Amino acid sequence: VTLETCWTVGYWKEQGWDLDWILEQGLKYHTTFFMPKSSYFPEEWRAKLDAWDLKLGYRFVLRQMLLPLEAKPGARVAYQGWIENLGVAPLYRGYRLALRFTQGEQSGIVPLKADLRAWLPGDAVLDDKFTLPKGLRRGVAAVSAAILDEKLRGPRVLFANAGYRGDGWLPLTHLDVR
C-alpha cells in the first residue's frame with residue numbers, strides 16, 4: 001500500500017491539520033511506502049514523521065528457531081520458529097523462508113512451506129517438518145536462514161536481526177550430521 005500525500009506535508013502544517021491523526025490513519029491502512037512528493041517537512045514535525053516512517057512496511061525479526069541437535073541426511077526434521085513482524089504491513093510477494101546447511105564450500109538449501117504473506121503485524125509461529133539435504137556428509141553443518149526470491153535464487157528480504165555476514169543469510173546455529 002502506497003500512501004501519497006494530498007497537497008504536501010508543509011501545506012498540512014500551514015492549514016493547521018492534525019498530523020497525529022493523519023499519521024495514525026496511515027498506519028491503519030497498513031502502509032508500505034510513503035510518497036510525500038518533493039517537498040520539505042516542517043522542522044518541528046520532522047521527528048514525528050521520521051518515527052512514523054520507521055513503522056511502515058514489514059520488519060521481520062526472527063526471534064527463535066528450534067532445530068534438533070543432530071539429524072541424518074534425507075531425514076524428516078521437525079522445526080519450530082517464531083517470527084515477529086514489527087511493521088504495520090504484510091509481505092505481498094510470494095517469497096520463501098529457507099534454511100541453508102553449509103559444510104565448507106558445500107551447502108544445501110531447503111525452502112520451507114511457510115506462507116510469508118500470512119506474517120501480519122505481530123507474531124507468526126512456525127511448526128512443521130522439512131527434509132535434511134541428502135548431499136550433506138557426516139560432521140557439523142552451519143545453519144542459516146533467509147527470505148528468498150526463488151526466481152532470483154537468492155536472499156531478497158533481510159530479517160531485522162543483527163549478525164549478518166554480507167551474503168543475505170542470517171547465521172543461526174550448527175547441526176551435527178550423523
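Guide: In a salt bridge, a side-chain nitrogen of Lys or Arg sits within 4 Å of a carboxyl oxygen of Asp or Glu. The model here is predicted.

Visitor: How many salt bridges does the structure hold?

Guide: Side chains of opposite charge can pair when their charged atoms come close. The count for this predicted model is 9.

Visitor: Which side chain meets Lys48 in a salt bridge?

Guide: Lys48 lies in helix H3, residues 43-53. Its partner is in helix H2, residues 19-28, and the two are 28 residues apart. The N to O distance is 2.9 Å, within the 4 Å limit. The partner is Asp20.

Visitor: Is Asp20 buried, partly exposed or exposed?

Guide: Buried means under 20% relative accessible area and exposed means over 50%. Lys48, at 42%, falls in between. Asp20 has 41% relative accessibility, so Asp20 is partly exposed.

Visitor: Which strands does the pair of Glu84 and Arg63 tie together?

Guide: The closest N and O atoms of Glu84 and Arg63 are 2.8 Å apart, a salt bridge. The two residues are 21 apart in sequence. Glu84 and Arg63 lie, in that order, in strands E5 and E3.

Visitor: Which residue of that pair is buried, Glu84 or Arg63?

Guide: The cut-off for buried is under 20% relative accessible area. Arg63 has 41%, so Arg63 is partly exposed. At 19%, the buried one is Glu84.

Visitor: How many residues apart in sequence are Arg100 and Asp167?

Guide: Arg100 forms a salt bridge with Asp167, with closest N and O atoms 2.9 Å apart. Arg100 is buried at 17%, whereas Asp167 is partly exposed at 38%. Arg100 lies in strand E6 and Asp167 in the loop between strands E10 and E11, so the pair ties together parts separated in sequence by 67 residues.

Visitor: Which strand gives the most to the largest nonpolar core?

Guide: Nonpolar side chains in soluble globular proteins tend to be buried together. The largest nonpolar core has 32 residues; Leu99, Phe101, Trp119, Phe130 and Phe159 have the most contacts inside it. Strands E3, E5, E6, E8, E9 and E11 each supply at least two of its residues. With 4 residues, the top contributor is E9.

Visitor: Which Trp does Phe159 touch?

Guide: Residues up to four places away in sequence are not counted. Among the contacts of Phe159 are Phe60, Val61, Leu62, Ile83 and Leu97. Ala145, Ala146, Ile147, Tyr164 and Leu170 are touched too. The Trp is Trp119.

Visitor: How many residues are in the other core?

Guide: This core lies apart from the largest one. Val9, Leu23, Leu27 and Phe34 are among its members. Its residue count is 13.

Key:
Residues are numbered from 1 along each chain as its sequence is written. This is a predicted model: local features need pLDDT of at least 70, side-chain atom pairs count only at pLDDT 80 or more; totals for chains, interfaces and linings use all residues. Side-chain values use heavy atoms; hydrogens and water are left out. A nonpolar core is a set of buried Ala, Val, Leu, Ile, Met, Phe, Trp, Tyr and Cys residues joined through side-chain atoms within 4.5 Å. Buried means under 20% relative accessible area, exposed over 50%, partly exposed in between (1.4 Å probe, protein chains only). Contact means heavy atoms within 4.5 Å.
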